[in-house]
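Q: Please take a close look at the strand pairing in this model. Set out how the strands are joined, and then what surrounds them.

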Amino acid sequence: MNLEEKCLYELIPRVLLPDGYRGKFLLVSIVWHTQTMVALRSGDLWHREILLNTRAELKHMGISDARVDELGGAHVSFEAEGLIRIYGRSDEFGACDLEFAANLIRIAKPAFKVVVDS
């Protein structure tokens, strides 16, 4: 099976959020051929850098023809006693759907309790 025959969900993790992370995250739409997925990415001081890093991540995987668009951002904080708090918005890209983001994190991190502060 070549790369184009694989499903995005098999190739790309839906959530990249290291345990203990405190900072910004971005929801992104990834469109590749006829496939679309929404993913959560983190790991930089700026939402724009998270977007650029996501594009670079895909190119590094050999998926150079994917379109990656921002769907808004927010902040995340791992706190005591297994709690993950998400809140706020991106100054540059606006707010993401915090409940959608929380559900992605809940699936990826089932050992944690995820709460949304509006």
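**Strand pairing and its surroundings**

A: Strands β3 (67-79) and β4 (83-87) pair in the antiparallel sense, with five bridges between them. The model is predicted, so local features need pLDDT of at least 70 and side-chain atom pairs pLDDT 80 or more, while totals for chains, interfaces and linings use all residues. Residues are numbered from 1 along each chain as its sequence is written, and side-chain values use heavy atoms, without hydrogens or water. Helices (H or I, at least four residues) and strands (E, at least two) are DSSP runs numbered from the N terminus, and strands pair if DSSP finds at least two bridges between them.

Within this pairing, Phe78 stands across from Ile84 of β4. The two strands make a hairpin with three residues between them, where Glu81 has a positive phi near 60 degrees. On to β5: this strand, residues 113-117, runs parallel to β4 and is paired with it over five bridges. Here Arg85 has Val115 of β5 as its bridge partner.

A second antiparallel pairing joins β1 and β2 over eight bridges. In it, Leu26 faces Arg41 of β2. β1 and β2 also form a hairpin, this one with two residues between the strands, and His33 in its turn has a positive phi of about 55 degrees. β2 covers residues 35-42, and six of its eight residues are buried (under 20% relative accessible area; exposed is over 50%, partly exposed in between; 1.4 Å probe, protein chains only).

For the surroundings, Ala74 of β3 is a useful place to begin. Ala74 counts as buried because its relative accessibility is 0%. Its C-alpha atom is 6.6 Å from that of Leu26, although the two residues are 48 apart along the chain. Beyond four places in sequence, the contacts (heavy atoms within 4.5 Å) of Ala74 include Gly23, Lys24, Phe25, His47, Tyr87 and Cys96. Lys24 belongs to β1, residues 22-32. Apart from residues up to four places away, Lys24 touches Ala74 and His75, and among its other contacts are Ser42, Asp44, Trp46 and Ile50. With the same sequence neighbours left out, Leu40 touches Leu17, Phe25, Leu26, Leu104 and Ile105, among others.

Charged side chains come next. The model has six salt bridges, each a side-chain nitrogen of Lys or Arg within 4 Å of a carboxyl oxygen of Asp or Glu. Arg41 and Glu57 form one of them, with N and O 2.9 Å apart. Arg41 is in β2 and Glu57 in helix α2 (residues 47-60), so this salt bridge ties parts that are 16 residues apart in sequence. Arg41 is buried, since its relative accessible area is 3%.

Asp19 and Lys109 form a salt bridge as well, their closest N and O atoms being 2.7 Å apart. This pair links distant parts of the chain, 90 residues apart: Asp19 is in the loop between α1 (8-11) and β1, and Lys109 in the loop between α3 and β5. The two ends differ in burial, because Asp19 is exposed at 54% relative accessibility and Lys109 is buried at 14%.

Arg67 bridges to Asp69, with closest N and O atoms 2.7 Å apart. Arg67 is partly exposed at 48%, and Asp69 is likewise partly exposed at 26%. Glu79, Arg85 and Asp117 are joined into one network by salt bridges that share partners.
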